[in-house]
Amino acid sequence: MTEVKMNQAEMNEAQGIGAGVANAVGQGVEECWMDIDGARMRYLRTGSGPALILLHGLLGYSYSWRYAMPALAPYRTVYAPDMLGAGFSDRPKGIDHSMRGTALRVLRFARNLGLESFDLLGTSRGGPVAMAAAAECVDGGKLRVRRLVLVCPVNPYSPHGRWLAPLAGTRAGAAVVRVVLKRVPALYPYWHGRMFGDRSKIPPGSLEGYKAPLARPGLFEHALSIVRTWTADLRELEALLPKLAQIPTLLMWGSKDPAVYASSMEPLARHFAKVQTVVFPGVGHLPYEECQEEFNRALIEFLTSRTGLV
């Protein structure tokens, strides 16, 4: 993919947009930066108490949590990173964007924060990354995931997306995917709207917020790198699921999710011995935006409950 070069004025504008988006998530939310693998990772931080890390989905970033972070702040110290390649973090070339590669960066992020244990939430593609990170901790790592929250997570039991990796793995298919990704700015309103079960509930300004990182080059190459390992990641995820059985887990889904079918929740839930499930009727792929109050209430109840904890 041809990279678009930005002059200094354009870079300043992109940074200004990032700061504006950070301010939009509410008072008390701090914009921070961390070096990961020689690149700068941006993250938002707020609150106090035990740590909670929030992982966004494909083409999302910390902006996804603008309604959840203020609600969670009284109960948790919340960290919401823009994973490398996404949001306003650096987009280094040649980085491993596989599920496991991304999960290992999440754990480096946690270690750099000085954490020993934390709750972990992942949505959409961030869901398998969260599960892979938790599995690494179970395998004898020094970090411990106390609770796992999976919001409409990509998983092996939903057929959506399985064609992406085989298509992107061919030369012709990759060219098609590149063309589609380059048209993302024009198609964004359509795709964004489809993620909601009820389009009348799209929060004002949300489309502009999600489009803001497009001002920085490299986002689509990042997405293509993720797509290339999609099928292999799903196979690896299915193999590691038994390791997660004893982690208290909450599955949250919109009943009208068009991206990851809610019907996949039941087969996924069977892998967890200590699992709770919440389904939001009539809601799509972004319940933390479409039904903010209900989502935050269910999440806080799970995080603060002692039920099922070891």
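## Asp37 and Arg108

With a relative accessibility of 49%, Asp37 counts as partly exposed, a class that lies between buried (under 20% relative accessible area) and exposed (over 50%), as computed with a 1.4 Å probe and with protein chains only. This is a predicted model, in which local features need pLDDT of at least 70 and side-chain atom pairs count only at pLDDT 80 or more, while totals for chains, interfaces and linings use all residues. Residues are numbered from 1 along each chain as its sequence is written, and side-chain values use heavy atoms, with hydrogens and water left out.

The side chain of Asp37 meets that of Arg108 in a salt bridge, at 2.8 Å from N to O; the term requires a side-chain nitrogen of Lys or Arg within 4 Å of a carboxyl oxygen of Asp or Glu. Because Asp37 lies in the loop between strand 1 and strand 2 whereas Arg108 belongs to helix 3, the pair ties together parts that are 71 residues apart in sequence. Arg108 also counts as partly exposed, at 27% relative accessibility.

## Other salt bridges

By this rule the model holds 12 salt bridges. In one of them Glu31 is paired with Arg42, and their closest N and O atoms are 2.5 Å apart. This pair links distant parts of the chain, since Glu31 sits in strand 1 (residues 30-36) and Arg42 in strand 2 (residues 39-47), 11 residues apart. Glu31 is partly exposed at 31% relative accessibility, whereas Arg42 is buried, its relative accessible area being 0%.

Arg66 and Glu289 likewise meet through their side chains in a salt bridge (3.1 Å, N to O). Here the link runs between the loop that joins strand 3 to helix 2 (68-72), where Arg66 is found, and helix 12 (residues 287-290), which holds Glu289, and the two residues are 223 residues apart. Arg66 counts as buried at 6% relative accessibility, and Glu289 is buried with a relative accessible area of 1%. Elsewhere, salt bridges with shared partners join Arg76, Asp119, Arg146 and Arg147 into one network.

## Helix 4 and its surroundings

The chain has 13 helices and 8 strands, taken as DSSP runs numbered from the N terminus, with at least four residues for a helix (H or I) and at least two for a strand (E). Helix 4 comprises 13 residues (126-138), and at 1.5 Å a residue it should span 18 Å, which agrees with the 18 Å between its end C-alpha atoms; the expected span is 1.5 Å times one less than the number of residues. Helix 4 is followed by Gly140, whose phi is positive, near 105°.

Of the 13 residues of helix 4, 11 are buried, so the helix is largely enclosed by the rest of the structure. Among the buried residues are Gly126, Pro128, Met131 and Cys137, and their cover includes strand 3 (51-55), helix 3 (99-112), strand 5 (117-123), strand 6 (144-151), helix 10 (230-240) and helix 11 (265-269).

## Nonpolar core and chain totals

The largest nonpolar core (buried Ala, Val, Leu, Ile, Met, Phe, Trp, Tyr and Cys residues joined through side-chain atoms within 4.5 Å) has 88 residues, and those with the most contacts inside it are Phe118, Leu120, Leu148 and Leu244. Helix 4 contributes the largest share of this core, 8 residues. Apart from its neighbours within four places in sequence, Leu244 is in contact (heavy atoms within 4.5 Å) with Met131, Ala134, Ala135, Leu148 and Phe272.

Over the 310 residues of the chain, 54% count as buried. Among contacts with a separation of 6 or more, 78% are between residues 24 or more positions apart.
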